[in-house]
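Grab a pencil and work through these exercises with the model open beside you. Each task is followed by a solution that goes step by step.

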Amino acid sequence: MPSRTLFFVCALAAPTLLWGGAAVAGDESQRAAICAEAEARLAAFKDLPPDEALPPAAPGTVHVLMLKYTFCPSPLKIKVGTTVRFVNVEKRTSHSVWFKDAGQEESDRLFPVEFWEQTFDTPGHYPYLCGPHWEQENMRGAIEVTD
Ligand SMILES: [Cu+2]
């Protein structure tokens, strides 16, 4: 397996948010606002009691957050060997992660503060969906994996 490259979540998320905020389209600025809120909610998880908090992620893990029918950040660019942790930062709504085009099974339904992880060992373009929300809410994301 190729060696794991270290990434820091904020280093990846910040350019995506800036890019989203600079876009003229209303959809993009709305998306940027949702993703900023998602980041704030993730940060607030540290105040949860230990038995409700997220367990620490392995070094180099990149986070994708789920909030308001949006995956943040998306598209996400990562290096081969990177693990992505998909975290539900909602207050009530559940989501899933489904690499449907890759023929993979859908993840379990993720409730608030729950997560699911996937490691990407092959370069490529990986579109994915939220099982309950891709058709009506267009809740979709994509990951680009490079050498
Ligand atoms: Cu969803």
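**Warm-up: the chain at a glance**

The protein chain has three helices and seven strands, where helices (H or I, at least four residues) and strands (E, at least two) are DSSP runs, numbered from the N terminus. This is a predicted model, so local features need pLDDT of at least 70, side-chain atom pairs count only at pLDDT 80 or more, and totals for chains, interfaces and linings use all residues. Residues are numbered from 1 along each chain as its sequence is written.

**Exercise 1.** Write down the order of helices and strands along the protein chain.

*Solution.* Reading along the sequence, you get α-α-β-β-β-β-β-β-α-β.

**Exercise 2.** Sort out the four-stranded open sheet: find its strand order, its edges and its twist.

*Solution.*
- Step 1: the order is β2-β1-β4-β5, with mixed pairing. Two strands count as paired if DSSP finds at least two bridges between them.
- Step 2: β2 and β5 each have a single partner strand, so one side of each lacks a neighbour in the sheet.
- Step 3: ignoring direction, neighbouring strands are turned by 20° against each other on average. Axes here are lines fitted to C-alpha atoms, for helices over the stretch in contact, and angles run from 0 to 180 degrees between N-to-C directions.
- Step 4: zoom in on β4 and β5, an antiparallel pair joined by six bridges. Thr82 stands opposite Phe120 in β5.
- Step 5: add α2, which packs on the sheet and touches β1, β2 and β4. Its direction makes about 110° with that of β1. Contact means that two C-beta atoms, placed from the backbone, lie within 7 Å.

**Exercise 3.** Do the same for the open sheet of three strands.

*Solution.*
- Step 1: this one runs β3-β7-β6, again with mixed pairing.
- Step 2: β3 (76-79) and β6 (124-129) are the edge strands, each pairing on one side only.
- Step 3: the twist averages 25° from one strand to the next.
- Step 4: β3 and β7 (residues 140-146) run parallel, joined by four bridges. Leu76 stands opposite Ile143 in β7.

**Exercise 4.** Which residues of α2 are buried, and which are exposed?

*Solution.*
- Step 1: set the cut-offs. A residue is buried if 20 or more other C-beta atoms lie within 10 Å of its own, exposed if 12 or fewer, and partly exposed in between, with C-beta atoms placed from the backbone.
- Step 2: Arg31, Ala32, Cys35, Ala38 and Glu39 are buried in α2. They cover an arc of only 120° around the axis, which puts them on the same side of α2; the arc is that of the directions from the helix axis to the C-beta atoms.
- Step 3: on the other side of α2, Gly26, Ala40 and Ala44 are exposed.

**Exercise 5.** Describe the largest nonpolar core.

*Solution.*
- Step 1: such a core is a set of buried Ala, Val, Leu, Ile, Met, Phe, Trp, Tyr and Cys residues joined through C-beta atoms within 7 Å.
- Step 2: the largest has 25 residues, and Val64, Leu65, Met66, Cys72 and Phe86 have the most contacts inside it.
- Step 3: α2 (26-44), β1 (62-67), β2 (70-72), β3, β4 and β6 each supply at least two residues. The largest share, five residues, comes from β1.
- Step 4: leaving out residues up to four places away in sequence, Val64 touches Phe71, Cys72, Ser74, Leu76, Val84, Phe86 and Gly141.
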